[in-house]
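Work through the two exercises below with the sequence and the model open beside you. Each task is followed by a solution that goes step by step.

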Amino acid sequence: MDIVSTFFNIDVLVRSMPLLLEGLWRTIALGFLSIVLGLIGGLVLALGRMYAPKPIRLLVIAYVDVFRALPVLVWLVIVYYALPFVGISLSPFASAATALTMISSAYTAEIYRAGIDAIPRGQFEAGQAIGLSTFDLMRDVVLPQAIRIVIPPLTNNSINVMKDTALASVVAMPDLLKQATQAQALAANPTPLIGAAILYLILLLPLVRLVAVFERRLGRSGRR
Amino acid sequence: MSQTAKSQPIIQMRGVTKRFGNFAALRQIDLDIEAGEVVVLLGPSGSGKSTLIRCINLLETYDEGDVVVDGIRVEEGRALRQVREEVGMVFQAFNLFPNLTVLDNIALGPVRVRKLSWAAAREKARRLLARVGIAEQADKYPIQLSGGQQQRVGIARALAMEPRVLLFDEPTSALDPEMVGEVLDVIKGLAGSGTTMLLVTHEMGFARKVADRIVFMEAGEIKEIASPDTFFTRPESERAQAFLDAVLNH
Ligand SMILES: Nc1ncnc2c1ncn2[C@@H]1O[C@H](COP(=O)(O)OP(=O)(O)OP(=O)(O)O)[C@@H](O)[C@H]1O
Ligand SMILES: [Mg+2]
């Protein structure tokens with residue numbers, strides 16, 4: 001009885017819902033933006049790593065390594081609290097989007113590269129042997145196969161980015177988690193936190209399921 | 001097909017050397033192949049047969065010497081595409097494009113390189129599939145075919161570019177024994193059609209029947225060039241004799 005009224009207090013949940021939904025909306029906006037920018041940034045990095053001249057290639061490798069090693073929270077705090085010292089002041093939303101995008105790009109770059117690497121050399125050779133240009137070879141043969149390989153890990157990465165948006169509450173961005181802690185303080189009851197957790201699950205569980213479906217399909221190898 | 005005929009060999013290799021690190025996989029290779037000729041490359045494993053034929057369409061770069069195809073030096077640059085248009089290749093592992101149907105595997109080259117429409121290229125692909133005896137497989141994907149059928153698609157894909165030269169690197173080595181014959185029959189059908197062919201194979205009976213000349217390699221060098229009858233009955237070099245003893249008596 002007590003547990004129910006403490007953690008699953010319907011009354012509190014209903015009252016805090018507008019606040020939570022507002023936070024959810026910001027979480028989705030931040031996550032979606034960072035995911036999309038991270039997908040684009042990663043592709044640019046991956047192509048740079050494979051085809052750019054050596055100095056740029058080394059820079060890309062350094063970038064990818066550094067941003068995969070750096071904890072998201074650390075980089076986020078630096079962007080928000082340290083950059084103003086050199087005259088770059090970003091809003092909480094912009095800071096969070098910047099930090100998440102930069103880190104996500106490093107991960108997606110590795111995923112794309114692994115996807116292209118997974119295409120057997122023989123495919124490239126067969127394409128070259130009939131005289132295809134690098135562009136045609138990529139468009140008609142390599143990328144269609146690589147995309148199937150990278151979709152599950154890219155979806156996984158997207159889930160991680162969406163989860164990492166919760167860190168933005170540290171830089172005072174009123175995302176879902178921040179709103180929930182606020183509502184909890186107002187109501188002197190932890191139910192809003194449970195509500196937030198449920199909203200995160202509603203948002204992310206389908207994506208987790210989707211990865212499983214992709215992976216099963218990929219496992220059935222071969223076609224298309 | 002033989003306009004420039006005897007005046008100039010269609011493939012000329014002069015002093016071609018290829019190194020992997022310090023190891024020389026090809027040493028000073030000199031070889032001329034006339035248009036329309038069928039040449040079979042024989043030699044023990046690691047003797048450089050694959051490396052040699054891969055230098056002809058620059059899947060492998062070479063360190064010294066010249067490879068010239070139909071008057072064009074084979075090197076990185078603008079002319080390479082022209083060389084590759086004229087030189088088709090059939091791979092041991094087929095290397096079909098798994099994301100494309102059988103028909104589109106064959107049509108892709110003509111569309112992208114020869115600038116045919118997809119309709120025209122597919123029409124042509126259907127004719128080629130009929131020619132290699134698997135017209136009914138056109139709309140399947142490569143993995144749905146048997147090995148022998150896949151290799152016949154590989155041959156049709158090379159033929160679709162109407163190459164003047166066809167390179168085969170052990171086209172039947174990855175096949176189950178019962179499928180070797182169907183692929184060899186297709187290749188036999190191509191010999192004497194005017195297309196120049198350079199083949200690496202371990203099928204000795206086939207080599208003897210189809211070849212105009214046998215080139216025997218060992219340790220990166222050409223050790224002997226002979227007619228098939230001479231090579232299989234009384235090879236000049238001891239190395240070739242030893243090789244024949246090993247492959248014919250095993
Ligand atoms: N990419 C490579 N890196 C290093 N060494 C290589 C490479 N490719 C081939 N070699 C070496 O070059 C030599 C010739 O190889 P190649 O594949 O041309 O021989 P082959 O006559 O085709 O042999 P097989 O009958 O086994 O196919 C071998 O000793 C091989 O180990
Ligand atoms: Mg070989």
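**Exercise 1: the shell around ligand 1**

In this predicted model, the shell around ligand 1 divides into four nonpolar, six polar and two charged residues.

Task: establish which element gives the largest share of the shell around ligand 1, and which polar side-chain atoms lie close to its oxygen atoms.

Solution. Begin with the list of surrounding residues, which includes Phe20(B), Phe23(B), Ala25(B), Lys49(B), Ser50(B), Thr51(B) and Glu170(B). Next, assign residues to elements: β2 (23-33) and α1 (49-56) of chain B are those that give two or more residues to this shell, and α1(B) contributes the largest share, with three residues. Then turn to the atom pairs, where an N or O atom in the side chain of Lys49(B) is 2.8 Å from an oxygen atom of ligand 1, while a polar side-chain atom of Glu170(B) lies 3.2 Å from an oxygen atom of ligand 1. Finally, consider the area: ligand 1 taken alone exposes 630 Å², of which the protein buries 60%.

**Exercise 2: the interface of chain B and chain A**

Task: determine how many residues of each chain are in contact, and how many salt bridges are counted between chain B and chain A.

Solution. First, count the residues: 23 of chain B are in contact with 22 of chain A. The area that the two chains bury between them is about 2000 Å², 59% of it on carbon and sulfur atoms, and within chain B the residues that lose the most area to chain A are Phe97(B), Asn99(B) and Arg112(B), together 27% of what that side buries. Lastly, the count of salt bridges is two, one of them joining the side chains of Arg54(B) and Glu125(A) at 2.8 Å, N to O.

Terms used:
Residues numbered from 1 in each chain as written. Chains lettered and ligands numbered in written order. Predicted model: local features only at pLDDT ≥ 70, side-chain atom pairs only at ≥ 80, totals over all residues. Heavy atoms only, no water. Near = heavy atom within 4 Å. Polar contact = N/O pair within 3.5 Å; in protein donor to acceptor, adjacent residues only side chain to side chain. Areas by Shrake-Rupley, 256 points an atom, 1.4 Å probe, with all protein chains shown as cover. Helix = DSSP H or I, 4+ residues; strand = E, 2+ residues; numbered from the N terminus. Nonpolar A, V, L, I, M, F, W, Y, C, P; charged D, E, K, R; others polar. Contact = heavy atoms within 4.5 Å. Buried area = accessible area lost by both parts, 1.4 Å probe. Salt bridge = Lys/Arg side-chain N within 4 Å of Asp/Glu carboxyl O.
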